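Here's a quick tour of a model, written for someone who likes to know the cut-offs. Have a look at the structure, then read on.

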Amino acid sequence: MRWLLICIHILLVALLLLSVKEAEACSCVPAHLQTKYCLSDFVAVIKVKEVKRGNDTSPTLYMVKVKRVFKNSQGTNLVLEDEIYTPVSSAACGVYLELNKNYVVGGRWEFGRPFISLCGLVMPWETTTKRQRKGLRQLYKMGCQCQIAYTSFNRKGSVLEKSNGKKCLWESEPGPLICQEQHGVCLKGLDGCSWFPSASYKTCIKEHKLNREQRRS
């Protein structure tokens, strides 16, 4: 009986530690690139030159070369230069960047220092599409008055009905998730917010519908 109680005690402690670890893990809500751009204080293309690992009392520091700035909403008193910070661990949403690689990053100014996180805008520059790059240069800024809602494909009708023209729906699979992610720009028109019908977006939607029909058949 005593050994049974000890085993139960050990099991409860293990479950408690596991729950604490899960609670401390970084958890991010799915967000479109345009949303991340609009929520960021700064957005820029950078090249990673050096990394200085942080510890329990200090964040990790990346020494970078700023190649292009798309956004800096804090005015001229704060300028993105050669330093970018991130939490020290992935559990705290810290970002790991590879040396000598180009990234587009967006983040917040905290106590005068630029911070990025896993839940923010962090992408290898080489993986961005032409449409995403055009969005970063100009179009995303024009659409910041709209919202992009990550929505279950099965619920898109009811969500759209309640949006009052203020949202574009970023549909989960089997909806056009990839098309909206890679080629979608949400802009406000006379009838409210909607995905801007660019050539690349239309082509992706057409291919998506064709593939879905082939799977059904």
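## The nonpolar cores

In this predicted model, the largest nonpolar core has 15 residues, and Ile46, Ile84, Leu97 and Ile116 have the most contacts inside it. A core here is a set of buried Ala, Val, Leu, Ile, Met, Phe, Trp, Tyr and Cys residues joined through side-chain atoms within 4.5 Å; buried means under 20% relative accessible area, exposed over 50%, and partly exposed in between, with a 1.4 Å probe and protein chains only. Strand 1 (42–52), strand 2 (60–72) and strand 4 (102–110) each chip in at least two residues, and strand 1 gives the largest share, four residues. Strands (E, at least two residues) and helices (H or I, at least four) are DSSP runs numbered from the N terminus.

There's also a second, separate core of 14 residues, with Val45, Val104, Leu136 and Val185 among them. Back in the largest core, Ile116 touches plenty beyond its neighbours within four places in sequence: its contacts (heavy atoms within 4.5 Å) include Phe42, Ile84, Val95, Leu97, Val105 and Val122. In soluble globular proteins, nonpolar side chains tend to be buried together.

## The chain as a whole

The chain carries six helices and 10 strands, and 38% of its 217 residues are buried. Take the contacts between residues at least 6 apart in sequence: 59% of them join residues at least 24 apart.

Residues are numbered from 1 along each chain as its sequence is written. Local features need pLDDT of at least 70 and side-chain atom pairs count only at pLDDT 80 or more, while totals for chains, interfaces and linings use all residues; side-chain values use heavy atoms, with hydrogens and water left out.

## The largest pocket

The largest pocket holds about 240 Å³ of space, a volume filled by probe spheres set on grid points joined across faces, edges and corners. On a 1 Å grid over the protein atoms alone, a pocket is an open set of points where a 1.4 Å probe fits, with protein on both sides within 12 Å along at least five of seven lines; lining residues have an atom within 4 Å of a point. Of the 16 lining residues, Ser40, Arg108, Ser117, Cys119 and Gly120 are closest to the centre. Strand 4 supplies the largest share of the lining, four residues.

## Cys119

Cys119 sits in the loop between strand 5 (113–115) and strand 6 (121–124). Buried or exposed? Neither: Cys119 is partly exposed, because its relative accessible area is 30%. Beyond its neighbours within four places in sequence, Cys119 is in contact with Cys26, Ser27, Cys28, Lys36 and Cys93.
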